[in-house]
Amino acid sequence: MKKIYLIASMALLLLPFIAGAATINAASCEQVDVQAAVNSAQDGDIVIVPEGNCTWYTLASHAPALSIKGKSITLNGAGIGKTFIIDETSDCVAGKYGEHLITIDGVAGKPFRITGFTMRRRDRNDTDSHFINIIGTSKSWRVDHNEFISAAFGSPDASVSVNGL
């Protein structure tokens with residue numbers, strides 16, 4: 001009987017978080033559409049990125065193509081081989097270096113997740129950037145069910161960088 005009360009109490013505590021979550025559909029897999037969906041997301045929301053092939057660029061020197069700051073969200077592609085992102089943030093383009101496709105600046109107590117993408121480098125000489133760069137203080141995160149392809153070797157390489165946690 002105590003177990004039933006415990007389970008019911010836990011469910012009631014989690015209900016506001018679950019009930020408040022929204023699904024936000026990016027208009028396409030294009031960088032600006034995904035960033036707009038991320039910007040409109042609130043903690044607990046799921047941002048759905050549809051199937052497609054898109055190329056993402058760095059919009060400013062030493063800046064990621066996509067930035068997620070202090071949000072507890074799930075960035076959810078349509079699946080490996082379905083949401084295909086070409087990384088054009090190469091260190092060989094316009095003299096830039098170290099740019100990342102996605103940077104998450106996490107906050108303690110706010111979990112996040114990135115899932116369901118294929119990410120591929122365009123430039124063979126890109127050697128010092130990562131597809132996903134995780135910074136900040138969040139210790140609760142998942143990067144799963146993604147495929148990372150290096151143009152230089154045709155196989156996985158330094159795909160996720162974790163700093164400052």
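This passage describes the fold, sheets, core, disulfide and selected residues of one protein chain.

The model is predicted. The chain holds 165 residues, and buried residues make up 44% of them. Its secondary structure comes to 2 helices and 13 strands. Contacts often span long stretches of sequence. Among contacts between residues at least 6 apart, 78% join residues at least 24 apart. The accessible surface of the chain is about 8,700 Å². Carbon and sulfur atoms account for 59% of that surface.

Two open sheets are described here. One has 5 strands in the order S1-S2-S5-S8-S11, and the pairing is parallel. Strands S1 and S11 stand at its edges. Each of these has a single partner strand, so one side of each is left without a neighbour in the sheet. Neighbouring strands of this sheet are turned by 15° against each other on average, direction ignored. Within the sheet, strand S5 (residues 74-76) runs parallel to S8, and 3 bridges join the two. One residue of this pairing can be named on each side: Thr74 has Arg113 in S8 as its bridge partner.

The other open sheet has 4 strands. Their order is S4-S7-S10-S13, again with parallel pairing. The edges are taken by strand S4 (66-69) and strand S13 (160-162). Both have a single partner strand, so one side of each lacks a neighbour in the sheet. The average turn between neighbouring strands of this sheet is 15°, direction ignored. Strand S4 is joined to S7 by 4 bridges, and the two run parallel. Strand S7 (residues 102-106) in turn runs parallel to strand S10 (residues 132-136), with 5 bridges between them.

Strand S4 shows two distinct faces. In a regular strand the side chains alternate between the two faces of the sheet. Along S4, Leu66 and Ile68 point to one face and are buried. Ser67 and Lys69 point to the other face and are not buried.

Thr103 connects the description of S4 with that of S10. This residue is found in strand S7. On the S4 side, Ser67 has Thr103 as its bridge partner. On the S10 side, the bridge partner of Thr103 is Asn133. Thr103 counts as buried because its relative accessibility is 10%, under the 20% limit. Leaving aside residues up to four places away in sequence, Thr103 touches Pro64, Leu66, Ser67, Ile68, Asn133 and Ile135. Both bridge partners, Ser67 and Asn133, are thus among its contacts.

The largest nonpolar core has 28 residues. Of these, Trp56, Leu75, Ile102, Met119 and Ile132 touch the most other members. Several elements each supply at least two residues of this core: helix H2 (31-40), strand S3 (52-56), S4, S7, strand S8 (112-115) and S10. The largest share, 3 residues, comes from H2.

A search of the whole structure finds 1 disulfide. It joins Cys29 to Cys54, with an S to S distance of 2.0 Å. The torsion about the S-S bond is about 80°, so the disulfide is right-handed. The pair links distant parts of the chain, as Cys29 and Cys54 are 25 residues apart. Cys29 lies in the loop between strand S1 (23-25) and H2, whereas Cys54 lies in strand S3. Both cysteines are buried.

Ile85 touches both of these cysteines. Its place is in strand S6 (residues 83-87). Ile85 has a relative accessible area of 1%, under the 20% limit, and is therefore buried. Beyond Cys29 and Cys54, its contacts are Trp56, Leu101, Phe117, Thr118, Met119 and Arg120, not counting residues up to four places away in sequence. Two of these contacts, Trp56 and Met119, are also among the core residues that touch the most other members. The C-alpha atom of Ile85 is 8.2 Å from that of Gly52, although the two residues are 33 apart along the chain.

His145 gives a contrasting case. This residue lies in the loop between strand S11 (141-144) and strand S12 (147-149). Its relative accessibility is 56%, over the 50% limit, so His145 counts as exposed. His145 has a positive phi of about 55° although it is not a glycine.

Terms used. Residues are numbered from 1 along each chain as its sequence is written. This is a predicted model: local features need pLDDT of at least 70, side-chain atom pairs count only at pLDDT 80 or more; totals for chains, interfaces and linings use all residues. Side-chain values use heavy atoms; hydrogens and water are left out. Buried means under 20% relative accessible area, exposed over 50%, partly exposed in between (1.4 Å probe, protein chains only). Contact means heavy atoms within 4.5 Å. Accessible areas come from the Shrake-Rupley method with a 1.4 Å probe; for residues, only the protein chains shown count as cover. Two strands pair if DSSP finds at least two bridges between them. Axes are lines fitted to C-alpha atoms, for helices over the stretch in contact, and angles run from 0 to 180 degrees between N-to-C directions. A nonpolar core is a set of buried Ala, Val, Leu, Ile, Met, Phe, Trp, Tyr and Cys residues joined through side-chain atoms within 4.5 Å. A disulfide is a pair of cysteine sulfur atoms within 2.5 Å.
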